[in-house]
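Trainee: Please give me a close reading of one loop position, and then set that position against the rest of the fold.

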Amino acid sequence: QHCHLNNDNLAFSLKFFQVVTQCVTLESKHLDKVLRTRQLVFDFDGERPIPRLREPLDLFTIPSTSCPFQGVRWPIECEVIRDKIQHIEWDPSEPEPFYQPTGDEQAPMPVGGVRGNTVYRIDPATKSSYFTYSRVGGSRGPIKSATSCANHQEEPTLAFESRFESGNLRKAVQVGQYDYELTLRTDLYTTKHTQWFYFRVRNMRAGVTYRFTIINLMKASSLYSAGMRPLLYSEHAAWLKGEGWQRTGANIRYYRNNTEQDGKALYSLTWTLEFPFDGDTCYLAHCYPYTYSNLQHYLREIISDPVRAAYCKLRVLCRSLAGNAVYVLTVTAPSSSLAERKAKRAVVVTARVHPGETNSSWMMQGFLEFLLSDLPDARLLREIFIFKIIPMLNPDGVVVGNYRCSLTGRDLNRNYRSLLHDSFPCIWYTRNMVKRLLAEREVVVYCDFHGHSRKNNVFMYGCSDRKDASQCLQERVFPLMMSKNSTAKFSFRSCKFKMHKSKEGTGRIVMWRLGIRNSYTMESTFGGSTLGDRKGTHFSTRDLKSMGYCFCDTLLDFCDPDPAKVTKHCLEELGLLLRQEVRRKLGREVDSLEDLCHIDIESSTSGSNSTESDGLPVHLLNATNQGKKKHLRSRKERNRLRQERVQSTGPKIIQRNIKHLVDLTKYMSISTSLQRTISDYTNPTVHNALLPRLQTSARNERYVL
């Protein structure tokens, strides 16, 4: 009863141990009354209580219902409108079909603001070439008008806006009565990565065919050439009919135009559409938006539910470069004993390292909805595993509407090996979290959710070990099971397991090298499916969330206690599939598994090339360049300039050197005196007699020095 536990140093007194010893046979409900502390949690091994410290609550900010989430932080140069952008979640009753090209689609070439009427323009959001600091709400002061030219036409022009969370549109030029030429903003502090678009349109007329043409896309190929259509959201339709995002557009064409940027060709996307209502407020987007505020709203719902909060703990892993919170969720069922807790294996799932891949967030939400539900399979997963989940790795990029990079101007998914934790805090802390987890327990699966802009369906990229023939097919088992659980959406044929040198810095390969054998990225198309009864149709948000459910189902199958399900069926089928692929591509038979593992039949992953965004963060690179001295080309030139400096400043240098020599001589004599003084001080015979005087002398000479 006299025990006291200090919250700062957590020192245990002898009395405390005596009390614990006396309480061995007591029930757990009586321990708290006897100890009078809430800093301990007791695990029971049989009847023997094992004390451990309670998890600290103030290690990082912990959002709760009583403590609201922090406001969204923007770079200081970004203007942000005060309108609150909200969309209802809705799915069409039937899958929406791909666009079928007719061959007569037009390919308008860029006209530009000289010959057109610029109706919307925002200043480049980078007044400086690198990130400096941020604040909630972006730039200070009033919001400037984005309309650069007054409209004197009889027919009103469309009113554009993109200065909201995840928005991306830099300029709109009216080149015909109903034709608009659009320019996207590149990722902040870069001149590259234009793919994601999301903007608002007002002042339209119903029944009129409008044409939109984006003129500065940078990828040579796109799913728009394979039937993908843009997305439209109408506020009137949401209010009157309860309808949300829908696929829209006709006369869709993706093509190379006649312009270049930095010596590289640019591409255009053009489409036509009719707005459903007069004077509506509509939004157009590349994929279903999922903002940082959407994530905060969903997490708030989780922690407000006491049932889900009992097995889902929300923490802040770190702060991003702009100061936005990177959240991590720990999901598991409470353990009845310490041995049971230690026996649990772990699963790590992350998403949204590339901010423009919003489909990954919808898969993540589906995964969380299933895992936190009351379904029997969900309860079993929580009892078997400890889940570490990071739903949004790049909140800064999501906020400002980037497609690929963070505020460093670099692709985070190429920097998992970086030691610059101040520049790449999100992935640095993620990697360290996984390292600590591996030191405690086995990590069964690591998976990073992504989106893909050039291939349909859902598929995975994995890592293969060619050195170990006995393990060469193991990494393919989980994707094969995914394809069996989702036959109309997941394509095993699109899965790749080759580790390219340019991808060594990705989360998938870095986690594999840390020791996680089943390390994947799960890629979801921006388009739709080419499989089964869903062939030729777009994915909705319901389809994307269903892939999160499927991931949970596959985890249970993959960790089934019956090894025959994996060994006998999946491995045999994988061997057969590989032999068929070798026969088809190389025209020869392979008998042994060892020979099969050493045959390379995979093509490139067709993933995005981010090598152009490799290197130091832009803000560090800029600081390095500013402080860099100009190097002379030769020793002869350096000697010549040195002689000129000596001749021009000779007398001053001589006088200055003489003065320094005099000062140095004086200091050396003082130092010698001080040494003698110290020697006398350490002599026991003179110590007592000279102590006061020596202390004064040393103090004075130290002052002179």
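Mentor: A residue is called buried when its relative accessible area is under 20%, exposed when that value is over 50%, and partly exposed in between. With a relative accessibility of 34%, Ile88 therefore falls in the partly exposed class. The model is a predicted one, and Ile88 sits in the loop that runs between strand E3 (73-75) and strand E4 (117-121).

The partners of Ile88 deserve attention. Once the neighbours within four places in sequence are set aside, Ile88 is in contact with Tyr233, Ala238, Gly242, Glu243 and Gly244. For one of these partners, Tyr233, the separation from Ile88 is 145 residues in sequence, while the C-alpha atoms of the two are 9.5 Å apart in space. The protein as a whole can be described in similar terms: among its contacts with a separation of 6 or more, 77% join residues 24 or more positions apart.

Two other loop positions can be set beside Ile88. Ser166 belongs to the loop between strand E6 (159-161) and strand E7 (171-174), and its phi is positive, about 70°, although Ser166 is not a glycine. Its relative accessibility is 4%, so Ser166 counts as buried. Asn203 lies in the loop between strand E9 (198-202) and strand E10 (209-217). This residue, likewise no glycine, has a positive phi of about 70°. Asn203 has a relative accessible area of 38% and is therefore partly exposed.

From the loops we may pass to the helices. Helix H11 (residues 477-485) has 7 of its 9 residues buried, so it is largely enclosed by the rest of the structure. The buried set consists of Val477, Phe478, Pro479, Leu480, Met481, Met482 and Ser483.

Helix packing can be followed in two pairs. Helix H8 (residues 376-384) packs against helix H13 (residues 541-558) at an angle of about 60°, and their axes are 10 Å apart. H8 is therefore oblique to H13. The crossing of this pair is left-handed. On the H8 side the contact involves Asp377, Leu380, Leu381 and Ile384, which meet Cys552, Asp553, Leu555 and Leu556 of H13. Sorted by class, the contact of H8 with H13 comprises 6 nonpolar and 2 charged residues, with no polar ones.

In the second pair, helix H10 (residues 425-440) and helix H12 (residues 507-514) pack at an angle of about 25°, with axes 11 Å apart. H10 and H12 are therefore roughly parallel to each other, and H10 passes H12 in a right-handed crossing. H10 contributes Thr430, Arg431, Val434, Lys435 and Leu438 to the contact, and H12 contributes Val510, Met511 and Leu514. These residues divide into 5 nonpolar, 1 polar and 2 charged.

The overall figures complete the setting. The secondary structure amounts to 19 helices and 24 strands. The protein has 705 residues, of which 51% count as buried. Its exposed surface is about 35200 Å², with 51% of that area supplied by carbon and sulfur atoms. To return to the loop position you asked about, Ile88 is partly exposed at 34% relative accessibility, and Tyr233, Ala238, Gly242, Glu243 and Gly244 are its contacts beyond the neighbours within four places in sequence.

How values were computed. Residues are numbered from 1 along each chain as its sequence is written. This is a predicted model: local features need pLDDT of at least 70, side-chain atom pairs count only at pLDDT 80 or more; totals for chains, interfaces and linings use all residues. Side-chain values use heavy atoms; hydrogens and water are left out. Axes are lines fitted to C-alpha atoms, for helices over the stretch in contact, and angles run from 0 to 180 degrees between N-to-C directions. Helices (H or I, at least four residues) and strands (E, at least two) are DSSP runs, numbered from the N terminus. Angles under 35 degrees count as roughly parallel, over 145 as roughly antiparallel, 65 to 115 as roughly perpendicular and the rest as oblique. A crossing is left-handed if the near helix is turned anticlockwise from the far one by less than a right angle, and right-handed if clockwise. Contact means heavy atoms within 4.5 Å. Ala, Val, Leu, Ile, Met, Phe, Trp, Tyr, Cys and Pro count as nonpolar, Asp, Glu, Lys and Arg as charged, and the others, Gly among them, as polar. Buried means under 20% relative accessible area, exposed over 50%, partly exposed in between (1.4 Å probe, protein chains only). Accessible areas come from the Shrake-Rupley method with a 1.4 Å probe; for residues, only the protein chains shown count as cover.
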